[in-house]
Amino acid sequence: MERYICIHGHFYQPPRENAWLEYVELQDSAYPYHDWNERITAECYEPNSTSRILDGDGFITQIVSNYTRMSFNFGPTLLMWLEEYEPGVYQAVIEADRKSKEYFSGHGSALAQAYNHIIMPLANYHDRYSQVLWGIRDFEHRFGRQPEGMWLPETAVDLEILEILAELGIKFTILAPHQARQVRLIGTDKWEDASKGNIDTTRAYLINLPSGRQLNLFFYNGPISRAVAFEDVLNSGEAFAKRLVDAFSEDRESPQLVHIATDGETYGHHHRFGDMALAFTLHHIESNNLAKITNYGEYLEKCPPTHEVEIIEKTSWSCSHGVDRWWSNCGCNSGAHPKWNQSWRTPLRNALDWLRDNMAGWYEEKARKYLKDPWAARDDYINVILDRSPDNVSKYLSQHAIRELNEMEKIRILKLLELQRHAMLMYTSCGWFFDELSEIQTVQVIHYAGRVVQLARELSHNGTETRFLELLEKAKSNIPGQGDGRRIYENYVKPAMVDLPRVVAHYAVSSLFEDYSDESRINCYLISNEDYQTTDCGKTRLAVGRSRVTSEITGESGLFSFGVFHFGDHIINAGVQKYQGEESYQAMVTETTQSCAAADFTEVIRLLDKHFGGTSYSLKSLFRDEQRKALDYILESTMSEIEAAYRQLYDSYYPPMRFLSELGTPVPKAFHAAAELILNIDLHRAVSADTIDTENISSLINTAKQWQVELDADGISFDFQENLERMMMALADNPSDIPNIESLIDCVELVHSMPFSVDLWKAQNLYWGILQTSYPEYKQKAERNDRKAAKWVRSFSSLGELMKIRIS
């Protein structure tokens, strides 16, 4: 009996980029990380590239990539983020697919995914086709091969979608067992009902489509997939392996495939150390010959379908009502707010559908003036998204334009195509998945809709916003203070909108707090500084200048003059306008700088108002990350004063407060507050120091315990983790540095005694690399009685013991 096992992970995050900046801004809820992409990468995507296999004593004996042994797909928008911000993880994913072909008879384990995770049965034909084509093109660009399979978002399916997959060369997709209607042996007439989720999931199936095309379908094992995702199966790799192996039937001689599918984030983000359970499971099954680990492409080649299947259309893996979760109050939700309803889903989708449909005909009409086929041009626009270099954009336009275009026409075309891109991004499934209209995922899709509205207005399609908001207003929040969709749009979307003057305002204000070169990049905008002058008068500062800003996305460009006046603290007044000529510009510069130098601040404000027409910007005009940096800069002296006052209180009253504590008498709240602030500050500094003083850190932690102070455990742990990684990287660069090894020993000993965990994952990876490269050489020297090498081996081995790494 041939027994095969395949584990599929659907690795995906919704696009979180600011719709105007193409950048994921700071998300405080992801602390101590910058944003949720960064946090989930650290908890899941990176660990699965270097997961651990442990021995019976809990020591690391192997570090492996789970991606090479499992089936997986990554969302294209997530891969784009990883490529830019986590290139090491990105390359590990790409390399794993290449490596998997060596294991699985030339079949790579990576699958493509419909581009930005829209619910395909609810999309129109143009969007369905583009989503599949963009997913394929993105995959080919990154993995260097054609995809065999494609993951459908939420496994949401109908026959037209399968037709598109087959037409575009996809060989298979994966569905949930309850999505099958009936099956039969190929070549026979008798159908067997499978509509109760009772399909045999251990084989591949063939579906004959209305067009005459065919596609292969796999239906994953539902009970085991649910157990992995929502139960405690991942608490033990051995139990996980047993659950998979026990699913084989002993009564069947034909080949069997036990396969599961879950969110990839299950392995590390949803279940901590889930990646290690997965690594052990795959290793245990292979090393004990319990089954052959495979992927879908290899299994199809070895065991082609013997049965035919029909599906239940408009179904998905995560809504028991089909696909209703993404358009109606069907009852599917997180369960966290039982008194809430999701009636907002229908008017939200209606508003977006109106916007999409209203834009579609207008897009086609306007684009046809410049492009041979507007929809074919949109399909090929993925090639521009993947490479926005001027040469590639020119190549794309020359392929699709009906004639040579001037610069303004090129900008107009790119804006039309960006409008269409955002008209698909606004359908990202997470916008409807959760419970509340004002949640971050839903607000994000409304942001994308806002970008569509703005681009339409810039292209002279007026009145769009008015009707869109009338429809959006019908979506009611469960939270009285949030109101409805219109209010959410006005409170969260309109203030976030960016145009060229806003970018220049950001540049002008932020230039007060950081230095820019003459050529700078602010997210997806290029700033060319033509003139910049500052005038200081005490705590105040005036900056005036002239800069050209250019969008890397649309090519739109403009020359602007600006003036920004900083009174001190957070009070900033700035003005921006299109450059009006040298005479006007010099008049502004001369008048404002002279008034500032004379300390006539009221006149400076009047002159800024005069020259910039009353258009005013402030600290609030900064984009989120730079706004936080500016506030930190502004508040630095204030926080220093607060720290000094609290430190004086803490130092002065420490002895009597300790005496009170020893007597069991409650410590006054004022002193407790001072102790909490000072101890947290001191611990952050101590664990971040270039030279770690472990005795000082231990003393601070003991004092915090004594005063029952609540520590910033996440933040302090994160700072210590990064410092340990810095020390390990220095050791990797200079393995002979025995004092560094001894310092690391002290630090890791301290880690084991701390009241919170410190993630040693990256430090262990670096140690493992040194173990594979430098350790054998030092060990040989030590065996030849080299005393220095022997000391190195002893120290390095002691460090390995503390880091729970087995040295054989």
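What follows is a walk through some side-chain contacts and strand pairings in a predicted model.

Aromatic rings make a good starting point. Across the whole structure, a search turns up 40 aromatic pairs. One of them brings together Phe172 and Tyr296, whose rings sit 5.7 Å apart, centre to centre, with 50° between the planes, so the pair counts as tilted under the rule that stacked means under 30 degrees and edge-to-face means over 60. This pair ties together distant parts of the chain: Phe172 belongs to strand S7 (residues 172-175), Tyr296 belongs to helix H9 (residues 296-302), and the two positions lie 124 residues apart in numbering. Phe172 is buried, with just 2% relative accessible area, and Tyr296 is buried too, at 1%. Another tilted pair is made by Tyr507 and Tyr516, with 4.8 Å from centre to centre and 45° between the planes. Here Tyr507 is buried, with a relative accessible area of 2%, while Tyr516 is partly exposed at 22%. Going back to Phe172 and Tyr296, ring pairs join these two with Tyr4, Phe218 and Tyr299 in a cluster.

Rings also turn up underneath charges. The charged end of Arg69 sits over the ring of Tyr103, 3.6 Å from the ring centre. Arg546 does likewise with Tyr585, its charged end sitting over the ring at 4.8 Å from the centre.

Next come the strands, with S14 (residues 307-311) as the one to follow. Strand S14 is mostly covered, as four of its five residues are buried. Strand S8 (residues 180-185) pairs with S14 in the antiparallel sense, over five bridges, and in S14 it is Glu310 that stands opposite Gln182. Strand S10 (residues 205-208) pairs with S14 as well, but in the parallel sense and over two bridges. There, Leu206 stands opposite Glu308 of S14.

Salt bridges come next, and the whole structure holds 52 of them. One joins the side chains of Arg356 and Asp353, at 3.6 Å from N to O. These two are about one helical turn apart, because they are three residues apart in helix H10 (residues 345-367). Arg356 counts as buried, at 12% relative accessibility. In another salt bridge, Arg457 meets Glu465, with 3.8 Å between the closest N and O atoms. Arg457 is partly exposed at 37% relative accessibility, whereas Glu465 is buried at 16%. Elsewhere, salt bridges with shared partners join Glu22, Arg388, Glu418 and Arg421 into one network.

Arg421, a member of that network, deserves a closer look. Arg421 is found in helix H14 (residues 407-425) and counts as buried, because its relative accessibility is 8% and the cut-off is under 20%. In its salt bridge with Glu418, the closest N and O atoms are 2.7 Å apart. Glu418 is buried as well as Arg421, and the two are separated by about one helical turn, being three residues apart in H14. The side chain of Arg421 also makes a polar contact of 2.5 Å with that of Glu22. Setting aside residues up to four places away in sequence, Arg421 touches Glu22, Trp134, Tyr381, Ile385 and Arg388.

Finally, there is Thr592, placed in helix H20 (residues 582-597). Thr592 is buried, with a relative accessible area of 0%. Apart from its neighbours within four places in sequence, Thr592 is in contact with Leu542, Val544, Val604, Leu607 and Leu608.

Definitions and conventions
Residues are numbered from 1 along each chain as its sequence is written. This is a predicted model: local features need pLDDT of at least 70, side-chain atom pairs count only at pLDDT 80 or more; totals for chains, interfaces and linings use all residues. Side-chain values use heavy atoms; hydrogens and water are left out. Rings of Phe, Tyr and Trp (its six-membered ring) pair if their centres lie within 6.5 Å; planes under 30 degrees apart count as stacked, over 60 as edge-to-face and the rest as tilted. Buried means under 20% relative accessible area, exposed over 50%, partly exposed in between (1.4 Å probe, protein chains only). A charge sits over a ring if NZ of Lys or CZ of Arg is within 6 Å of the ring centre and within 35 degrees of the ring normal. Two strands pair if DSSP finds at least two bridges between them. A polar contact is a pair of N or O atoms within 3.5 Å; within protein, one must be able to donate a hydrogen and the other to accept it, and residues adjacent in sequence count only if both atoms are side-chain atoms. Contact means heavy atoms within 4.5 Å. A salt bridge is a side-chain nitrogen of Lys or Arg within 4 Å of a carboxyl oxygen of Asp or Glu.
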